[in-house]
Number of protein chains: 2
Amino acid sequence: MHTYRLALIGFGNVGQGLAQILADRGNLYADRFGAYFKIIAVSDLLYGRICDPDGLDPAVMLHTIQAEGNLENVPGARHGWDALGTIAESEADIVVEVSYTDLKTGEPAMSHIRRALELGKHVVTTNKGPIALHFPQLRALAQERGVEIGVEGTVFSGSPALRLGLDTLTAAGVYKAQGILNGTTNFILTHMENGATYPQALAEAQEKGYAEADPRNDVEGHDAAAIVVILANLLMDLPLTMQDVRCEGITHLTQDDFVEAQAQGERWKLLGAMERTTEESFTASVQPLRLPTPIACNIRKFMSNYQ
Amino acid sequence: MHTYRLALIGFGNVGQGLAQILADRGNLYADRFGAYFKIIAVSDLLYGRICDPDGLDPAVMLHTIQAEGNLENVPGARHGWDALGTIAESEADIVVEVSYTDLKTGEPAMSHIRRALELGKHVVTTNKGPIALHFPQLRALAQERGVEIGVEGTVFSGSPALRLGLDTLTAAGVYKAQGILNGTTNFILTHMENGATYPQALAEAQEKGYAEADPRNDVEGHDAAAIVVILANLLMDLPLTMQDVRCEGITHLTQDDFVEAQAQGERWKLLGAMERTTEESFTASVQPLRLPTPIACNIRKFMSNYQ
């Protein structure tokens with residue numbers, strides 16, 4: 001049995017989700033994989049900073065947050081450090097970087113990850129910012145220090161898209177990838193298809209918590225572009241940056257665009273795409289495109305027969 | 001660099017496809033993975049039996065088949081053995097079993113695989129028959145002899161569904177799976193949706209080479225049921241057999257069924273499904289079901305607004 005000591009930088013939805021998984025399945029992982037994951041420190045701007053070298057019980061942490069709104073009074077826990085202090089002082093083997101995302105600078109997560117790698121600690125992160133902006137640099141640093149950097153959770157909420165390409169399709173190779181990469185814009189487009197205006201659909205997405213108060217990262221395509229960069233870097237080993245992605249959002253689409261598309265049996269989708277065109281060159285884009293809907297066409301044919 | 005000696009039992013589409021991949025990418029695999037795959041024997045009922053302990057050039061074999069219709073005159077090759085002889089005599093490390101599929105008995109592939117494992121050889125197979133019928137037994141035999149049995153290619157033409165569950169989702173676990181598991185029936189259903197009768201749609205599928213002359217394995221759901229069994233055994237560790245799958249085909253569907261479904265914005269799909277319901281029990285089925293088509297509904301709403 002090998003015990004891994006985890007320090008969590010950030011304890012929002014993702015950090016608490018990880019705590020819940022370890023509470024529910026930690027013993028199962030120990031039995032099945034011979035690996036026991038022990039959280040020894042948590043540092044969060046909102047919920048507080050605690051540590052315990054003997055291990056913080058994830059279920060107790062979650063309960064304390066639910067009851068008291070923060071981690072200060074978790075039984076047995078000592079007061080901890082800020083993020084960089086936690087990375088340096090907690091004696092963790094693995095730093096779990098799940099603080100907030102900034103797609104412009106990657107900070108402060110970028111500094112957290114760099115520091116952890118420099119100190120020879122493994123890093124697991126769901127943070128799209130530093131990985132979209134600086135992955136090649138971080139990967140080189142990790143290799144130099146002989147540690148791992150796990151980034152599966154930066155795209156598609158952790159559905160195994162990256163390992164799919166890196167492990168199971170490794171002998172096949174990935175030359176092209178495209179898809180609907182952002183859920184918020186897809187929600188908005190579907191609502192507009194059903195007759196909502198853009199402001200109405202956006203308001204609905206914000207009300208449901210899908211879109212942020214400042215929705216630009218989603219609706220201008222930056223979030224999808226960050227995913228394109230991450231997929232291209234990892235799956236296709238392309239040295240792509242955010243500046244290389246031709247990026248167009250959905251804010252200019254009108255109801256007329258939808259009426260026109262539907263009249264031809266088509267739907268608007270925000271598509272991200274990347275393709276290796278030669279050994280040296282590639283294309284990468286995020287843009288709204290009209291896709292054919294064969295189902296819709298068939299239905300219309302069917303109805304015209306029966307009317 | 002480690003060299004693996006392969007014996008191919010069967011050299012139809014799949015065997016020739018593997019030869020093409022090794023011709024195209026064999027050196028790349030050697031560079032990237034340190035593994036060189038050398039075909040030292042091929043045994044096929046139609047194309048012939050050859051061997052060469054120094055390795056058969058896959059490109060030359062493919063060229064010879066194209067030029068002469070069989071493998072007999074591949075330069076440098078010696079006459080080989082029948083299937084069981086090849087397994088016993090060729091000194092292969094890995095037996096690639098890609099002969100024809102029989103979902104009733106699993107033979108002759110079952111005997112090939114069992115013999116290879118008994119002799120301590122790794123097995124890779126795309127053959128659905130023995131794996132759907134006898135996987136637990138074969139897995140136990142492989143473990144006993146300390147060799148691997150690779151079966152990814154038995155479902156979904158090798159798209160990595162099994163490794164996805166076994167490797168990348170291993171910590172998550174799989175509790176339920178469902179989907180359209182058979183392409184031939186899906187082709188037929190789509191044609192019927194567009195107005196074809198069942199016999200017309202079947203004839204079209206046979207003409208295109210999707211359906212076999214005796215189409216029962218597909219249209220009665222047995223092929224999909226075999227996939228359900230394989231997925232359940234591997235992904236969910238359920239001791240399921242073909243007899244446990246409630247199996248209903250598509251042969252009884254009429255145009256009236258499609259008209260009725262379409263009037264309600266629904267489509268017929270042949271769905272395979274398996275679910276662990278408790279630690280001890282499960283459900284497994286293949287059956288045609290009507291699925292809602294929200295797109296179609298939206299289009300109809302749209303049209304009624306504009307008519």
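At the start of helix α2 of chain B, a side-chain oxygen of B:Asp57 comes to within 2.8 Å of the backbone nitrogen of B:Ala59. The model described here is predicted, and this contact marks the beginning of a helix that spans residues 58-68 of chain B. Within the helix, B:Pro58, B:Met61, B:Leu62, B:Thr64 and B:Ile65 are buried. These residues lie on the same side of α2(B), because they cover an arc of only 160° around the axis. The other side of α2(B) carries the exposed residues B:His63, B:Gln66 and B:Ala67. The buried residues of α2(B) pack against three elements of chain B, namely helix α1 (13-33) and the strands β2 (35-44) and β3 (48-51). After α2(B) comes B:Gly69, which has a positive phi near 85°.

In chain A, an open sheet is built from four strands in the order β8-β10-β11-β9, and the pairing is mixed. Its edge strands, each pairing on one side only, are β8 (176-180) and β9 (246-247) of chain A. In general, the strands of a sheet pair through backbone hydrogen bonds, and the pairing may be parallel or antiparallel. Both arrangements occur in this sheet, as its mixed pairing indicates.

At one edge, β8(A) is joined by five bridges to strand β10 (residues 266-276) of chain A, and the two strands run antiparallel. Within this pair, A:Gln178 stands opposite A:Ala273 of β10(A). Strand β10(A) is also joined to β11(A), here by eleven bridges and again in the antiparallel sense. One of the positions in this pairing is A:Glu275, whose bridge partner in β11(A) is A:Thr283. The strands β10(A) and β11(A) form a hairpin, with five residues between them. At the other edge, β9(A) pairs with β11(A) in the parallel sense over two bridges. Here A:Arg246 has A:Ser285 of β11(A) as its bridge partner. A helix accompanies the sheet: α11 (residues 255-263) of chain A lies across β10 and β11 (282-292) of chain A, and runs at about 90° to β10(A).

The surroundings of a single residue of the sheet can be considered next. A:Gly272 is placed in strand β10 of chain A. Its relative accessible area is 2%, and A:Gly272 is therefore buried, since the limit for a buried residue is under 20%. When residues up to four places away in sequence are not counted, A:Gly272 touches A:Ala177, A:Gln178, A:Gly179, A:Leu181, A:Val228, A:Ser285 and A:Val286. Among these contacts, A:Gln178 is the residue that stands opposite A:Ala273, while A:Ser285 is the bridge partner of A:Arg246. The C-alpha atom of A:Gly272 is separated by 9.9 Å from that of A:Leu289, a residue 17 places apart from A:Gly272 along the chain.

A second buried residue of chain A is A:His112, found in helix α4. A:His112 counts as buried because its relative accessibility is 7%. Leaving aside neighbours within four places in sequence, A:His112 is in contact with A:Ile9, A:Ala83, A:Leu84, A:Ile87, A:Glu97 and A:Ser99.

The backbone geometry of several loops was also examined. Most peptide bonds are trans, and most residues other than glycine have a negative phi. A cis peptide bond, with omega about 0°, joins A:Glu107 and A:Pro108. A:Pro108 lies in the loop between β5 (94-97) and α4 (109-118) of chain A. In chain B, a cis peptide bond joins B:Glu107 and B:Pro108, with omega likewise about 0°. B:Pro108 is placed in the loop between β5 (94-97) and α4 (109-118) of chain B.

Positive phi values are found at two residues described here that are not glycines. A:Glu91 has a positive phi of about 60° and lies in the loop between α3 (83-89) and β5 of chain A. With a relative accessibility of 55%, A:Glu91 counts as exposed, the limit for this class being over 50%. For B:Ser157, phi is positive and near 50°. B:Ser157 belongs to the loop between β7 (149-150) and α6 (161-168) of chain B. The relative accessible area of B:Ser157 is 79%, so this residue is exposed.

Conventions: Residues are numbered from 1 along each chain as its sequence is written. Chains are lettered from A and ligands numbered from 1 in the order in which they are written. This is a predicted model: local features need pLDDT of at least 70, side-chain atom pairs count only at pLDDT 80 or more; totals for chains, interfaces and linings use all residues. Side-chain values use heavy atoms; hydrogens and water are left out. Two strands pair if DSSP finds at least two bridges between them. Contact means heavy atoms within 4.5 Å. Axes are lines fitted to C-alpha atoms, for helices over the stretch in contact, and angles run from 0 to 180 degrees between N-to-C directions. Buried means under 20% relative accessible area, exposed over 50%, partly exposed in between (1.4 Å probe, protein chains only). The arc is that of the directions from the helix axis to the C-beta atoms. A polar contact is a pair of N or O atoms within 3.5 Å; within protein, one must be able to donate a hydrogen and the other to accept it, and residues adjacent in sequence count only if both atoms are side-chain atoms.
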